[in-house]
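This report walks through a fold from its sheet outward. Please keep the sequence and the 3D view open while reading.

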Amino acid sequence: MLQVYLVRHGETVWNAARRIQGQSDSALTAKGEHQAKQVGERVKTLGITHVICSDLGRTQRTAEIIADACGCSVTLDPRLRELNMGVLEQRPLDGLSEEEERWRKALVDGTEGGRIPQGESMTELATRMHAALNACLDLPAGSRPLLVSHGMALGALVSTILGLPAHAERRLRLRNCSISRVDHQQSAWLAEGWIVETAGDVSHLDAPALDELQR
C-alpha cells in the first residue's frame with residue numbers, strides 16, 4: 001500500500017488580505033511560516049521519503065520548511081499548481097462586480113463547465129492533479145511521499161477520489177497547512193485504487209489563519 005500525504009501551503013499575505021491568488025503568487029506570512037514548521041514537526045517521524053510541490057513560491061517555501069524537518073530534498077511538479085483563475089487573479093475578493101462574482105461562484109456551486117475567463121475548469125484542474133498523484137506510483141518501493149499544493153487543487157483531487165464530479169459543489173474545507181492522506185491499496189471492502197484515509201486535519205496547528213477568521 002502506498003500512503004501519500006497532502007498538505008496545503010501556509011497562510012500567505014494575499015490569503016490574509018482576501019485577494020484571489022490562483023497561479024499568481026504572494027509570500028507566506030509569519031503565521032504561514034509557523035504553520036509550515038508545525039507540519040514539519042508533525043510529519044518528521046512518519047518516514048517521509050519525498051517532498052513534492054507545485055512550482056509556485058508559496059508552496060515551495062512551505063515544502064522547504066517541511067523537507068528540512070524530514071531530511072528530504074524538494075521536487076517541483078507544475079501539475080500541482082493552483083487553479084488558473086484567469087482575469088480574476090490578484091483581484092480583491094470583496095471588490096468583484098456581480099458578473100465577476102458569478103464567474104467565481106461557478107467554480108464552487110456545482111456549475112458544470114464553470115470557468116473564469118482565461119482560466120481553467122475544475123475538470124482540467126482535477127485531471128492534472130490526478131496525473132501528479134499517479135506519478136507517485138512510479139516512485140521506488142517503500143516510498144512515502146508528501147505533496148504540497150493548494151486549496152482548490154487539493155479539494156478537487158480529494159473530492160474526485162471520493163467519486164464526485166470535478167464540478168461538484170465544494171464542501172470540503174482544507175485550511176492552510178492542513179494535512180490529508182490518500183492511500184493506493186486493494187481491499188475486500190473498499191474500491192481498488194486510491195482511497196481517502198483522512199482529509200483536512202489541523203490538529204497540529206495552534207491557531208487558524210487570518211483568512212479563516214474573516215467572513
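Four bridges join E1 to E4, and these two strands run parallel. Strands pair when DSSP finds at least two bridges between them. Helices (H or I, at least four residues) and strands (E, at least two) are DSSP runs, numbered from the N terminus. The model is predicted: local features need pLDDT of at least 70, side-chain atom pairs count only at pLDDT 80 or more, and totals for chains, interfaces and linings use all residues. Residues are numbered from 1 along each chain as its sequence is written, and side-chain values use heavy atoms, leaving out hydrogens and water.

**The sheet**

In E4, Ser 149 is the bridge partner of Arg 8. E1 also pairs with E5: six bridges join them, and they run antiparallel. Here Val 7 stands opposite Ile 179 in E5. Strands of a sheet pair through backbone hydrogen bonds, either parallel or antiparallel.

What is the strand order of the open sheet? Its six strands run E3-E2-E4-E1-E5-E6, with mixed pairing. Strand E3 (74–76) and strand E6 (190–201) are the edge strands, and each pairs on one side only. Neighbouring strands are turned by 25° against each other on average, direction ignored. Helix H2 (residues 30–43) packs on this sheet. H2 touches strand E1 (2–8), strand E4 (145–149), strand E5 (179–187) and E6, and its direction makes about 35° with that of E5. Contact means heavy atoms within 4.5 Å. Axes are lines fitted to C-alpha atoms, for helices over the stretch in contact, and angles run from 0 to 180 degrees between N-to-C directions.

Strand E2 (residues 50–53) pairs with E3 in the parallel sense, over three bridges. Cys 53 has Leu 76 as its bridge partner in E3.

Is E1 enclosed or open to the outside? Seven of its seven residues are buried, so E1 is largely enclosed by the rest of the structure. Buried means under 20% relative accessible area, exposed over 50%, and partly exposed in between (1.4 Å probe, protein chains only). Both faces of E1 are covered. Leu 2, Val 4, Leu 6 and Arg 8 are buried on one side, and Gln 3, Tyr 5 and Val 7 on the other.

**Helices**

Helix H3 (residues 57–70) has 14 residues, which at 1.5 Å a residue should span 20 Å; its end C-alpha atoms are 20 Å apart, which agrees. The expected span is 1.5 Å times one less than the number of residues. Its buried residues are Arg 58, Thr 59, Thr 62, Ala 63, Ile 65, Ile 66, Ala 67 and Cys 70. They pack against E1, H2, E2, E3 and E4. Just after H3, Gly 71 takes a positive phi of about 75°.

Helix H5 (residues 122–134) packs on H6 at an angle of about 80°, with the axes 9 Å apart. The two helices are therefore roughly perpendicular to each other; that class covers 65 to 115 degrees, while under 35 counts as roughly parallel, over 145 as roughly antiparallel and the rest as oblique. H5 brings Met 122, Leu 125, Ala 126, Met 129, His 130 and Leu 133 to the contact. H6 brings Met 152, Ala 153, Leu 154, Ala 156, Leu 157, Thr 160 and Ile 161. These residues divide into 11 nonpolar, two polar and no charged. Ala, Val, Leu, Ile, Met, Phe, Trp, Tyr, Cys and Pro count as nonpolar, Asp, Glu, Lys and Arg as charged, and the others, Gly among them, as polar.

**Loop residues**

Here are four loop positions and their accessibility.

| Residue | Loop between | Relative accessible area |
|---|---|---|
| Arg 18 | helix H1 (13–17) and H2 | 18%, buried |
| Pro 117 | helix H4 (98–105) and H5 | 30%, partly exposed |
| Cys 177 | H6 and E5 | 0%, buried |
| Ser 178 | helix H6 (151–161) and E5 | 1%, buried |

Most residues other than glycine have a negative phi, and most peptide bonds are trans. Arg 18 has a positive phi near 60° and is not a glycine. Cys 177, also not a glycine, has a positive phi of about 60°.

Beyond residues up to four places away in sequence, Ser 178 touches Leu 6, Val 7, Arg 8, Gly 200, Asp 201, Val 202 and His 204. Pro 117, leaving aside neighbours within four places, is in contact with Gly 86, Val 87 and Trp 103. Pro 117 and Gly 86 are 31 residues apart in sequence and 5.7 Å apart in space, C-alpha to C-alpha.
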